[in-house]
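Visitor: I've got a structure open and I'd like to poke at the labels people put on it. Can you walk me through it?
Guide: Sure, pull it up and ask away.

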Amino acid sequence: MRNIRLFRKELAMKYRWFFFALVGIILDFLTKQIAHTQLIPGISVPVLPFLDWNLLYNKGAAFSFLSDQGGWQRWFFTAVSFFASIAIAYWMVKTDRRDRLQLWGLTLLLSGAVGNFIDRLFLGKVIDFIHVSYGWFNWPVFNVADIFVSVGVVIILIASFFEGRQTKHLTQN
């Protein structure tokens with residue numbers, strides 16, 4: 001009976017992370033819909049001295065990689081993001097619930113992967129609208145899902161560094 005209670009508690013803790021991922025997916029979706037309906041493609045709207053809203057549709061991968069191909073990349077990147085999302089979800093399930101930093105990173109990564117997957121599946125392209133530039137610095141246009149992916153990867157790397165140090169410390173004692 002005790003094992004069943006522990007299993008239920010463990011499962012409930014995992015659901016929490018998937019709920020957070022769903023919130024991220026919804027946030028990404030809503031921001032893209034606002035950009036899609038309120039902005040004109042290619043017309044920059046200044047927000048701050050270093051930030052503009054600039055609606056672009058990206059048929060490729062990050063930084064418009066392969067966007068000028070004949071259309072095959074839509075299904076290729078859709079499949080990649082689908083299988084990556086499954087792998088990330090599996091990784092989340094297998095991650096110890098005490099590894100919160102790792103789970104936060106995976107949650108953000110899953111939110112971003114699914115957010116861009118949805119765009120590719122239904123639109124054939126990803127909606128990008130955030131443009132950061134200042135003086136000579138000019139970053140490619142991106143979206144909230146891209147932020148989630150980038151921050152998630154950084155958090156996972158930091159978590160793996162600390163996890164490795166913690167494991168090393170435990171084995172030395």
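Guide: Let's begin with a definition: a salt bridge is a side-chain nitrogen of Lys or Arg within 4 Å of a carboxyl oxygen of Asp or Glu. Keep in mind that this is a predicted model.

Visitor: What makes aspartate 119 and lysine 32 a salt bridge?
Guide: Their side chains come to 2.9 Å, N to O. The cut-off is 4 Å, so the pair qualifies.

Visitor: And which parts of the chain does that pair tie together?
Guide: Aspartate 119 lies in helix α3 (residues 100-123) and lysine 32 in helix α1, so the contact links parts that are 87 residues apart in sequence.

Visitor: Which aspartate in helix α1 lies four residues from lysine 32?
Guide: That's aspartate 28; both sit in helix α1 (residues 2-38), about one turn of the helix apart. Their closest N and O atoms are 2.9 Å apart, and with the limit at 4 Å this pair is therefore a salt bridge too. As background, an α-helix has 3.6 residues a turn, so residues three or four places apart point the same way.

Visitor: How do you know whether lysine 32 is buried or exposed?
Guide: By its relative accessible area, which is 1%. Buried means under 20%, so lysine 32 is buried. Aspartate 28 also has 1%, and aspartate 119 has 4%, so both of these pass the buried test as well.

Visitor: How many salt bridges turn up in the whole structure?
Guide: Three. One of them joins arginine 98 and aspartate 96, at 2.6 Å, N to O.

Visitor: Why is arginine 98 called exposed?
Guide: Arginine 98 has a relative accessible area of 66%, and exposed means over 50%, so the label fits. Aspartate 96 comes in at 29%; that falls between 20% and 50%, so aspartate 96 is partly exposed.

Visitor: Which residues do the salt bridges with shared partners join into one network?
Guide: Asp28, Lys32 and Asp119.

Visitor: How do you know how well the span of α3 fits the expected one?
Guide: Compare the two values: α3 has 24 residues and reaches 34 Å from its first C-alpha to its last, close to the 34 Å expected at 1.5 Å a residue. Just after α3 comes glycine 124, with a positive phi near 80°.

Visitor: What makes you say α3 is largely enclosed by the rest of the structure?
Guide: The count of buried residues: 17 of its 24, so "largely enclosed" is a reasonable description. For the chain overall, buried residues make up 35% of the 173.

Visitor: Where does α3 lie relative to the strands?
Guide: Across β2 (51-58) and β3, running at about 130° to β3. Strand β3 is itself mostly covered, with seven of its nine residues buried.

Visitor: Why do β3 and β4 count as paired?
Guide: Pairing needs at least two bridges between two strands. Two bridges join β3 (residues 126-134) to β4, so the requirement is met, and the strands run antiparallel. Among the facing residues, serine 133 stands opposite asparagine 138, and tyrosine 134 stands opposite phenylalanine 137. The two strands form a hairpin with two residues between them, and glycine 135 in the turn has a positive phi of about 60°.

Visitor: How many bridges join β2 to β3?
Guide: Six, and the strands run antiparallel. With at least two needed, these strands therefore pair as well. Tryptophan 53 stands opposite isoleucine 130 in β3.

Visitor: What makes β1 and β4 the edge strands?
Guide: The open sheet has the order β1-β2-β3-β4, with antiparallel pairing. β1 (44-48) and β4 (137-138) each pair on one side only.

Visitor: One last residue: what makes isoleucine 156 buried?
Guide: Isoleucine 156 has 9% relative accessibility, and the line is drawn at 20%, so it counts as buried. Isoleucine 156 belongs to helix α4 (residues 144-172). Beyond its neighbours within four places in sequence, isoleucine 156 is in contact with Trp91, Gln102, Gly105, Leu106 and Leu109. The C-alpha atoms of isoleucine 156 and leucine 109 are 9.1 Å apart, with their positions 47 residues apart in sequence.

Notes:
Residues are numbered from 1 along each chain as its sequence is written. This is a predicted model: local features need pLDDT of at least 70, side-chain atom pairs count only at pLDDT 80 or more; totals for chains, interfaces and linings use all residues. Side-chain values use heavy atoms; hydrogens and water are left out. Buried means under 20% relative accessible area, exposed over 50%, partly exposed in between (1.4 Å probe, protein chains only). The expected span of a helix is 1.5 Å times one less than its number of residues. Contact means heavy atoms within 4.5 Å. Axes are lines fitted to C-alpha atoms, for helices over the stretch in contact, and angles run from 0 to 180 degrees between N-to-C directions.
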